[in-house]
Amino acid sequence: MSITRSSIDKSLLTWILMLGLLFGGIWGFNSLGRLEDPAFTIKQAVIVTQYPGASSEQVAIEVSEPLESAIQKMGEVDKITSRNQPGVSTIDVEIKSIIGAQELPAIWEKLRNEVSDAARSLPDDVSSPFVNDGFGDVFGLFYAVTAEGFTDAERHEISNFIRRELLTVSGVADIEIAGLPEEAVFVEPSLPLTVTQNVAPTAIVNEIALANSVVDAGHIDRDQQRTIIQGPEGSDTVEAISGLAIGVSGEILNVFDFADVYRGRIAHPDQIIRFNGKEAFTLGIAGLETENIVEVGKRVDARIAELNNQIPLGVELHPIYQQHIVVEQASNDFLVNLAMSVAIVVLVLAIFMGWRAAIVVGATLLLTVVGTLFFMAIFSIEMERISLGALIIAMGMLVDNAIVVAEGMQIQMRRGKASLDAAEEIGAKTQVPLLGATVIGIMAFAGIGLSPDSTGEFLFSLFAVIGISLILSWVLAVTVTPLLGHYLFKRGDQGAAGDDAYDGVIFKAYGIMLKGALKARWLVLIALVGITAACFAGFGLISQQFFPNSNTPLFFVHYKLQQGSDIHSTEADLAVIEKWLLERDDVTSVATFVGQGATRFMLTYSSEKPNTSYGHLIIGARTVDEIPALRRDLDAYAAQTLVAGEFRTERLVFGPGGGSPIEVRFAGSDPVVLRQLAQQAGKRMQEASDNLRHLRIDWRERELIVRPVYATERAQVAGIGRDDIANTLRFATEGIRAGTFREEDRLIPIIVRQSREDPTGLMSQVVYSSSGNEFVPIAQLVDGFEQIPQETLLMRRNRVYTITVQAGIPAELTAATVHAQIRDTIESMPLPVGYTMEWGGEFENSTEAQASLAGQLPVSFIIMILISILLFVGLRQPLIIWLLVPMSVNGVVLGLLGTGLPFTFTALLGLLSLSGMLIKNGIVLVEEIDLTRKEGLPLREAIVAASVSRLRPVLLAAATTILGMAPLLSDRFFESMAVTIMGGLAFASILTLIAAPVLYDMFFARDEARNQTAPQRGDAPAAA
């Protein structure tokens, strides 16, 4: 049955299909969810456990090791890494990439159970581990809030008000606030007075702890009624705390008799945030996954505008990142690119096939695109960077099928056939080969859809959208195209049936050239093989890159002082950079984060872990093109100004990844040996390449630790233990938390510490002996203080100590280029027994992604080969087609070398799609040669006639695809893919039109010889 003829005979059904896709596409475009990047699941949880007073090594052995051992039992776990610092263990658990997102809730519950069971065997002083599985939440509407002139308490009230109001906005899932001032109520006894009055610090702490405690007072059962009893209200003001009475040696003293009580900021907060040089806190807003982020963002903007009258004057919200604006701009750009692509296709077709064919194919193309939007809405595929790019990529490919059908109908009708007969004939000849070729084109992308890791999840919509659009293009090519051709194409004179439709100059010139190529087939083959070999060699000259830089006009600064540096020292250094940046016209904003990174405001952004010596800037540039020059100037200024720290800038990168561009890891049992290996590796790397920047070790520098030498005999005689000495030192320095001050929903710590005005040093402290009921000088209890260099940042990977050497690269180079320069020297390093080395960074990320993709490619290629064999029911025709595939690299190499672009992961996808296009064109051409031979023409005449008849479809398909890629040249994510397809397809068209006929002639020459000699022997002609 010919579908093409049926589409005309039953035109009502075809019109219903057309109108359904048109209106469905309009509905789909308006209802599709919109995101900036495709959602991919961050299969990672973080477990934080506090162990106050423990060294980093104690934390690793006594906390991280037991928890890691328990977690390791889970078969779903892929990797366990831990960060061990004094007093805190942070464990990152990554789940295997093959685990689906729908399975994660059950896995997180299982993880909590394993951690809870293991926590029972931890030391008594260890807090309950906190499991955070919301690590991947993205707060795409990210604001800095400044409130100059307001008190800290008022800032908290303002933040609560804004958060409460914005949570009522439809579509808002969560709001995260960071950087608010950290307050405490400080009780600072005077050391001389407490010693004179014999008031033990522990007595003060205990009394305060009970002053505002919340305790269950039971209930009364009376007259069949149960009445709850609440405890008495505690001291809930600073004045009340200062008036607390403490019994000492039979006397009653008030706290204000010997201590100052006041409310103030914590001197060393966890994080400090500024925006454009002003103190600020941040507001991160996350939308529901099921909501259109553009609409959510607009509703949030509207609500903020309404709140302006209620927010106090002087409070300002400054956008750091507004995902909804970025997404809306991308959608608008897509519409422009779509219109440009359709216009380009129609214009090219109008020039080479006439305006009637241009309308027919252009209408089919438009219906294919809007129909794809319709099915995207049905299958809940959002409009985001990848799916929009897929539509542009598919744009040129979508016209192939329609061009073949329209061109075939035009030729047959020009020769006098009726539209119904022309449609039936062209359908019988092409509908099955076109379907097979279309499926093969889809299978070229199947490796993406089948790849189970985060990269495959990130790029799945590319496969899905191209699959939908290509299948739809075939359906419409064999239904809508014939119907529109029936209405628009003109039938020629019956007497013109013998008229040659390929009489034009271009067709004749191609025929003459092809005949010459067939005669010199061996020279042509040798030339093609030589060119291909040269281009494969040239491929090594192309720089390699995993994912390209983002086109968002933001970039980052990472600043690191020596490990253990005070947070205010870090803040002061960054203030110098802020001032310099804000004086420049090419800078629009500077958001400063000291102590840790920012809230995750993009899916591909990874926040730095807490560290007082770390600072981070998010710098908004006027345009993306101005970032390189701005980075160079900033790096040069920082190199002269901030000589004490490590200053490095970093571009925002598309796609999943993380870490430094260059990383090498060493794992083993002894931290001392590992640090030696890391230092040796760093030296080798610097000797091997001058292109390494900011070489560093993730363990950072050792810190100098001060530790009292406990005089066991003297201290025990005095009845004073090690904990008593530790508590005294804590009281003299950062203070002891005694209780909680409640202010509505805020819980403010009450800290008892030595008065800041007391100049007493550590050796002048006194320790209270509860057994002797007296103070004892600490000098009698210790043999001085020792200073010890100690590791305070120990990393473990899969339960083994692991140290990583990290480095950046110059902006003009790729990680692959620099990695190639240092690879041999690192891999030749001698390692002690039991120690291992492995690469990390971009090399690891790209290797894993490509390995995952390569693991799926064999299945895709087997299916593609089987389809091609089934189409021809033979082996030689598919072999001819597949021999063309390696030659497609030629145009890719020429294109990338000519433009200077790197070969990125998206370029790899372009190369795969290019192979699908090449195979598709090859199938149509070889199928036509087979059909022409069946008409009885000699081999070479059949080859030339068939090739000439396929010249226009092949060239037009290539031209429309190449020109359809033009809008992507301005997109930094897809530019290398666009050049790959454009350059590769330009050369592939030559391969299809020259190499395929030459190979066909070589493969079937013997058949032709047998056909010519068989009649002389009286045999029947051999089958072609």
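What follows is a chat between a student and a tutor about a predicted model.

Student: Before we start, which ground rules apply to this predicted model?

Tutor: Residues are numbered from 1 along each chain as its sequence is written, and side-chain values use heavy atoms, with hydrogens and water left out. Since we're on a predicted model, local features need pLDDT of at least 70 and side-chain atom pairs count only at pLDDT 80 or more, while totals for chains, interfaces and linings use all residues.

Student: How many helices and strands does the protein have?

Tutor: Helices (H or I, at least four residues) and strands (E, at least two) are DSSP runs, numbered from the N terminus. The C-alpha atoms fill a box of roughly 130 × 70 × 65 Å along the principal axes. Inside that box, the protein has 31 helices and 30 strands.

Student: What share of the 1024 residues counts as buried?

Tutor: Buried means under 20% relative accessible area, exposed over 50%, and partly exposed in between, with a 1.4 Å probe and protein chains only. By that cut-off, the buried share of the 1024 residues is 55%.

Student: And among contacts between residues at least 6 apart in sequence, what share joins residues at least 24 apart?

Tutor: Contact here means heavy atoms within 4.5 Å. Taking the contacts between residues at least 6 apart, the share that joins residues at least 24 apart is 81%.

Student: On to salt bridges: how many does the structure hold?

Tutor: You need a side-chain nitrogen of Lys or Arg within 4 Å of a carboxyl oxygen of Asp or Glu. Counted that way, the structure's total is 46.

Student: Which helix holds both arginine 5 and aspartate 9?

Tutor: These two form a salt bridge, with the closest N and O atoms 3.5 Å apart. Arginine 5 is partly exposed because its relative accessibility is 24%, and aspartate 9 is partly exposed too, at 47%. They sit four residues apart, about one turn of the helix, and that helix is α1 (residues 3-9).

Student: Why does the salt bridge of arginine 163 with aspartate 174 tie together parts of the chain?

Tutor: The closest N and O atoms of this pair are 3.5 Å apart. Arginine 163 lies in helix α5 (residues 152-166) and aspartate 174 in strand β6 (residues 172-178), so the bridge links parts whose separation in sequence is eleven residues.

Student: Is glutamate 928, the partner of lysine 429, buried or exposed?

Tutor: The side chains of lysine 429 and glutamate 928 meet at 3.6 Å, N to O. Lysine 429 lies in helix α13 (residues 419-443) and glutamate 928 in helix α29 (residues 905-934), so this salt bridge ties together parts 499 residues apart in sequence. Lysine 429 is partly exposed at 25% relative accessibility. Glutamate 928 has a relative accessible area of 11%, so the word for this residue is buried.

Student: Which residues does leucine 925 touch?

Tutor: Leucine 925 lies in helix α29 and is buried, with a relative accessible area of 0%. Its C-alpha is 8.5 Å from that of valine 954, 29 residues away in sequence. Leaving out residues up to four places away in sequence, leucine 925 touches Ala946, Ser947, Arg950, Thr992, Ala996 and Pro997.

Student: Now helix packing. Why do α11 and α16 count as oblique?

Tutor: Axes are lines fitted to C-alpha atoms, for helices over the stretch in contact, and angles run from 0 to 180 degrees between N-to-C directions. Angles under 35 degrees count as roughly parallel, over 145 as roughly antiparallel, 65 to 115 as roughly perpendicular and the rest as oblique. The axes of α11 (residues 355-378) and α16 (residues 460-477) come within 9 Å and cross at roughly 135 degrees. The label for this pair is therefore oblique.

Student: How do the residues in the contact of α11 with α16 divide by class?

Tutor: Among those meeting here are Leu367 and Phe375 in α11 and Ile468 and Leu472 in α16. Ala, Val, Leu, Ile, Met, Phe, Trp, Tyr, Cys and Pro count as nonpolar, Asp, Glu, Lys and Arg as charged, and the others, Gly among them, as polar. The split is eight nonpolar, six polar and no charged.

Student: Which handedness does the crossing of α3 and α4 have?

Tutor: α3 (residues 56-71) and α4 (residues 104-119) pack at about 140 degrees, with axes 9 Å apart. A crossing is left-handed if the near helix is turned anticlockwise from the far one by less than a right angle, and right-handed if clockwise. For α3 and α4, the crossing is right-handed.
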